[in-house]
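This walk-through takes up the contacts between charged side chains, then the open spaces, then the ligand. Please keep the sequence and the model side by side while reading.

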Amino acid sequence: MKVIITENYQEMSEKASKILIDVVKNNPNAILGLATGSSPIGTYQNMIKDHKENGTSYKAVRTVNLDEYVGLTADHDQSYAYFMRTNLFDSIDIDLQNTNLPCGSASDLQKECDRYNALLENMQQDVQVLGLGSNGHIGFNEPGTPFSSVTHLVDLTENTIKDNSRLFSSIDEVPRQALSMGIKNIMQAKSIIMVVSGKNKAQAVKGMVQGEITPDLPASVLQLHPNVTVVCDKDAASLL
Ligand code: GLP
């Protein structure tokens, strides 16, 4: 696992975006695994800037996202589908038909998980972007999730509901469930880039990089992947 420590969020975002832009430049047909949350927003902003200034094209790029809240339609402003359009897709030349997220408003959620798993089997990510939950989750794979898991319905932990409530008008509006790629789906990526910032992630970063490999800290599984780059700011790295 390669760990790059940056001065701040901005430098973290620059470093991470450079890695992603290089993937697309080297392979215009690349498959990008994408993530939501506040951590990758700056990375996406740099990709947009590069697209506008240098013309890096996403016309033939395909994407798969990690997760989606259950019960929110794609036009709900807290859905991850909406997040991806407003923070990236609407500002680059990607074909929306080439973008994929689990559908959290599907009537049969198990069928939707099966659909997503079948899709992922044919879409190995050239690079998978990850953020890190303060409890060590990746995607919405909460502590205790088996490493063999594939896309599944998740009951969010109180910790995650509380963390994510800052983006909703009240904690009661935070969905209690989500659909998430499983850990096996994440680990199939050819390479993984994680962006982490802030002191509240420091304990999880320490466990992920230096701790025991255990489902109790889902991100620790990344120690088993041959090509992981963690780009974290010095606050997130403060316990290393
Ligand atoms: C959310 C998302 C994760 C994300 C994490 C951290 O619950 N499901 O994919 O990485 O929490 O979010 P943030 O970057 O906002 O701290």
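D126 is buried in this predicted model, because its relative accessible area is 15% and buried means under 20%. Its side chain is paired with that of K190 in a salt bridge, with 3.0 Å from N to O. D126 is in the loop between α4 and β6 (127–130), while K190 is in the loop between α6 (183–187) and β9 (192–196), so the salt bridge ties together parts that lie 64 residues apart in sequence. K190 has a relative accessibility of 44% and therefore counts as partly exposed. The pair thus joins a buried residue to a partly exposed one.

The structure contains seven salt bridges, and two others can be followed in the same way. One of them is formed by E7 and K234, whose closest N and O atoms are 2.4 Å apart. This pair links distant parts of the chain: E7 belongs to the loop between β1 (2–6) and α1 (9–26), and K234 to the segment after β10 (228–233), with their positions 227 residues apart. E7 is partly exposed, with a relative accessible area of 49%. K234 is partly exposed too, at 42% relative accessibility.

The other salt bridge lies within a helix. R115 and E112 both belong to α4 (residues 109–121) and are three residues apart, about one turn of the helix. Their side chains meet at 2.8 Å, N to O. How accessible are the two partners, R115 and E112? R115 counts as partly exposed, at 37% relative accessibility. E112 counts as buried, at 8%.

The next topic is the open space in the model. Rolling a probe the size of a water molecule over the atoms shows where empty space is left. The largest pocket holds about 610 Å³ of space. It is lined by 32 residues, and those closest to its centre are T36, G37, S38, N164 and R166. Which elements each supply at least two residues of this lining? They include strand β4 (67–69) and the helices α3 (80–87) and α5 (158–164). By residue type, the lining of the largest pocket has twelve nonpolar, 15 polar and five charged residues.

The second largest pocket holds about 200 Å³ of space. Its lining is made up of 14 residues, of which E68, A74, A81, R85 and L101 are the closest to the centre. This lining divides into eight nonpolar, four polar and two charged residues.

The last topic is the ligand. There are 13 residues around the ligand, and S38, S39, D67, R166 and K201 come nearest. S38 and R166 are also among the residues closest to the centre of the largest pocket. What distances separate the ligand from polar atoms of S38, R166 and G139? An N or O atom in the side chain of S38 is 2.7 Å from an oxygen atom of the ligand. For R166, a polar side-chain atom lies 2.8 Å from an oxygen atom of the ligand. G139 takes part through its backbone: a backbone N or O atom lies 3.3 Å from a nitrogen atom of the ligand.

Methods:
Residues are numbered from 1 along each chain as its sequence is written. This is a predicted model: local features need pLDDT of at least 70, side-chain atom pairs count only at pLDDT 80 or more; totals for chains, interfaces and linings use all residues. Side-chain values use heavy atoms; hydrogens and water are left out. On a 1 Å grid over the protein atoms alone, a cavity is a set of points where a 1.4 Å probe fits but cannot get out, and a pocket is an open set with protein on both sides within 12 Å along at least five of seven lines; lining residues have an atom within 4 Å of a point. Grid points are joined across faces, edges and corners, and a volume is the space filled by probe spheres set on the points. Helices (H or I, at least four residues) and strands (E, at least two) are DSSP runs, numbered from the N terminus. Ala, Val, Leu, Ile, Met, Phe, Trp, Tyr, Cys and Pro count as nonpolar, Asp, Glu, Lys and Arg as charged, and the others, Gly among them, as polar. A salt bridge is a side-chain nitrogen of Lys or Arg within 4 Å of a carboxyl oxygen of Asp or Glu. Buried means under 20% relative accessible area, exposed over 50%, partly exposed in between (1.4 Å probe, protein chains only). A residue is near a molecule or strand if one of its heavy atoms lies within 4 Å of it. A polar contact is a pair of N or O atoms within 3.5 Å; within protein, one must be able to donate a hydrogen and the other to accept it, and residues adjacent in sequence count only if both atoms are side-chain atoms.
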